Amino acid sequence: MTCFFQTPEGNFPLLFIHKTHIPSPPIQTGLYMRIPINEVTPDIERAEIAGWVHEVRDLGGLTFFLIRDRTGIVQVTIVKKKAPAAVLEAAKAVSRESVVRVAGTVKAIDKAPGGRELNPDTFEIVSACASPLPLDVVEKVPADLDTRLDARFLDVRKPRVAAVFKVRSAVTAAAYDFFTQRGFYNITSPKIVAAATEGGTELFPIAYFEKEAFLNQSPQLYKQMMMAAGFEKVFEIGPIFRAEEHNTVRHLNEATSIDVEVSFADHEDVMKILEELVAHQYAVVADRCSDALAEMGVEEFEVPKAPFPRIAYADAIEIAAGKIEEPIACGDDLSTPAERAIGDEMGEHYFIVDWPSAIRPYYAMPYEDDPAICKAFDMMHPRMELSSGAQRVHQHDLLVEQIQAKGLNPENFEFYLQPFAYGMPPHAGWGLGMERLVMTMLGLQNIREAVLFPRDRHRVVP
RNA sequence: GCCCAGGUAGUGUAGAGGCCUAUCAUGAUGCCCUGUCACGGCAUCGACACGGAUUCGAAUUCCGUCCUGGGCGCCA
């Protein structure tokens, strides 16, 4: 028997609406007529909710249940002397984290969390939860990250953990908005590829029928092909795979990349797009995710302002040399301590520009007046690198020359080089690491906390 | 891959050769409790990663294996 919740036409309660959620009428499905828990307010008479048993406090004649759904938590109070026998029976049998359906009258009570509680005439166990739980959802006892990831579906039941992914969802949505408004085409490139045309990072080999194939490390080459195709402005948000055996708090073997490529543009043009995107994503989170931020205990959420400062690679090296013990010179890659030292000095998002051509990929465009440096850049958060990009070499012959200069064989780059011989416009682009963006935005200590199901050197499940 | 630190009830911990029939908290189960909000009280349940060595005696020392965390390296 289902209890129906009557809502006056056009008069949905608005008191406790989270900004992250769109106010919604009762959700009628084949199974239920329920309302989100954050819309259970003192000014409605009846409510039917469905959710998980967050906590139980049994005082004898009086039992308090905290019931949780994705929108919030409400207290359900059962008075032993007054409640129907069926309610008492279910309330006695139910275990924590079971799914229940509860319907009854809503009362305004100061003593209850949120100033309201539900006195049920219906209390139904929809799906019982086994015991003991692999981890404590209420967080009276903390769990190690490894334990949490092993039982991730339970871990993200914690409102504090779920908040990370509400923010991540908003960050993704903000990017789609941003690019769509600016006339970018959204593309999807293949993740199964035949060869490692870029060199550098290691690839995961896969079995592809009778052929050898790999998981793609980056959509880079495909973005560039779409420049030759005349799409002019493209973006893609998708997975990338790196078979590096790294073991750090800021590396993943499967990550999400926000990738952009723009024709008739140079590195400065796409840096502008990048800084404006990041500022926009922060602004959207600040505007729409205040509840999620509060849930995580983020008190000061500063939206970075574009433009971000630019610092030349040579000057960055100088800063690092003055701050760290190990020797560092022009032409070196930035070590982790060097990166951190420069970040401390800058104190905000910034770009490192004018990199030596020798330590950037062959497709980075050298400066015409000084080919020793190139039009490549990294976009940094004080804690780490978030993005790298460049104006690309679009001249076929120069590209062949640069491939050879890196000690690579142009014959292995046939499918990459072909578009460059048939009218390739000048173009520039970048890739931005989604997980690092969310990690630095929220001050997470480990990048794995920014991924639902992280893939690292040792973890392939769940 | 290298270096460091670890692996004790479901979860998080105490433990430094005999004091361990292993601490505390949380949890689960039972009983008491009508306004809790980390509810409270009483009782019960539940663990030394695996293999080997040293020793009269090992959770504790040593070796190996597996696993975990952190730092570094690697990283279009």
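Trainee: Which part of RNA strand B is 3.5 Å from a polar backbone atom of Pro134?

Mentor: In this predicted model, the partner of that backbone atom of Pro134 is a sugar or linking oxygen of RNA strand B. When you read a contact of this kind, ask which part of the residue and which part of the strand take part, and then look at other pairs in the same way. For Gln75, a polar side-chain atom lies 2.8 Å from a base nitrogen of RNA strand B, while for Thr336 a polar side-chain atom lies 2.4 Å from a phosphate oxygen of the strand.

Trainee: How many residues surround RNA strand B, and which are the closest?

Mentor: The strand is surrounded by 54 residues, and the closest of them are Arg57, Arg242, His251, Thr336 and Tyr363. If you sort the residues of this surface by character, you find 18 nonpolar, 19 polar and 17 charged.

Trainee: Which elements supply at least two residues each to the surface near RNA strand B?

Mentor: Three strands, β3 (46-58), β4 (62-69) and β5 (72-79), do so, and the helices α2 (145-150) and α9 (336-346) do so as well. Turning to the RNA side, 57% of the strand's atoms within 4 Å of the protein belong to sugar or phosphate, and the rest belong to bases.

Trainee: How should I read the packing of α8 and α9, and what is the angle between them?

Mentor: Start with the angle and the distance between the axes, then name the arrangement, and finally look at the residues that touch. Helix α8 (residues 313-323) packs against α9 at an angle of about 100°, and their axes are 9 Å apart. Because angles of 65 to 115 degrees count as roughly perpendicular, α8 is roughly perpendicular to α9. On the α8 side the contact involves Ala316, Ile319, Ala320 and Lys323, which meet Ala338, Ala341, Ile342, Asp344 and Glu345 in α9. These residues divide into six nonpolar, no polar and three charged.

Trainee: What are the angle and the axis distance for α4 and α12?

Mentor: Helix α4 (residues 159-181) and helix α12 (residues 434-442) pack at about 125°, with 11 Å between their axes, and the two are therefore oblique to each other. Their crossing is right-handed. From α4 the contact draws on Val164, Val167, Arg168, Val171 and Thr172, and from α12 on Met434, Glu435, Leu437, Val438, Met441 and Leu442. Sorted by character, the residues of this contact are eight nonpolar, one polar and two charged.

Trainee: Which residues make the contact between α6 and α12?

Mentor: Let us take the geometry before the residues. Helix α6 (residues 267-288) packs with α12 at about 55°, and the axes are 12 Å apart, so this pair, too, is oblique. The contact is made by Val278, Gln281, Tyr282 and Val285 of α6 together with Leu437, Thr440 and Met441 of α12. Five of these residues are nonpolar and two are polar, with no charged residue in the contact of α6 with α12. As for handedness, α6 passes α12 in a right-handed crossing.

Trainee: Now for the backbone: where are the cis peptide bonds that join Ala306 to Pro307 and Val461 to Pro462?

Mentor: For a peptide bond, the angle to read is omega. The cis bond joining Ala306 and Pro307 has an omega of about 0°, and Pro307 sits in the loop between α7 (290-296) and β14 (310-312). For the cis bond joining Val461 and Pro462, omega is about -5°, and Pro462 is found in the segment after α12.

Trainee: Is phi of Glu139 positive or negative?

Mentor: Phi of Glu139 is near 65°, which is a positive value in a residue other than glycine. To place Glu139 in the structure, look in the loop between β7 (116-127) and α2.

Technical notes: Residues are numbered from 1 along each chain as its sequence is written. Chains are lettered from A and ligands numbered from 1 in the order in which they are written. This is a predicted model: local features need pLDDT of at least 70, side-chain atom pairs count only at pLDDT 80 or more; totals for chains, interfaces and linings use all residues. Side-chain values use heavy atoms; hydrogens and water are left out. Axes are lines fitted to C-alpha atoms, for helices over the stretch in contact, and angles run from 0 to 180 degrees between N-to-C directions. Helices (H or I, at least four residues) and strands (E, at least two) are DSSP runs, numbered from the N terminus. Angles under 35 degrees count as roughly parallel, over 145 as roughly antiparallel, 65 to 115 as roughly perpendicular and the rest as oblique. A crossing is left-handed if the near helix is turned anticlockwise from the far one by less than a right angle, and right-handed if clockwise. Contact means heavy atoms within 4.5 Å. Ala, Val, Leu, Ile, Met, Phe, Trp, Tyr, Cys and Pro count as nonpolar, Asp, Glu, Lys and Arg as charged, and the others, Gly among them, as polar. A residue is near a molecule or strand if one of its heavy atoms lies within 4 Å of it. A polar contact is a pair of N or O atoms within 3.5 Å; within protein, one must be able to donate a hydrogen and the other to accept it, and residues adjacent in sequence count only if both atoms are side-chain atoms.
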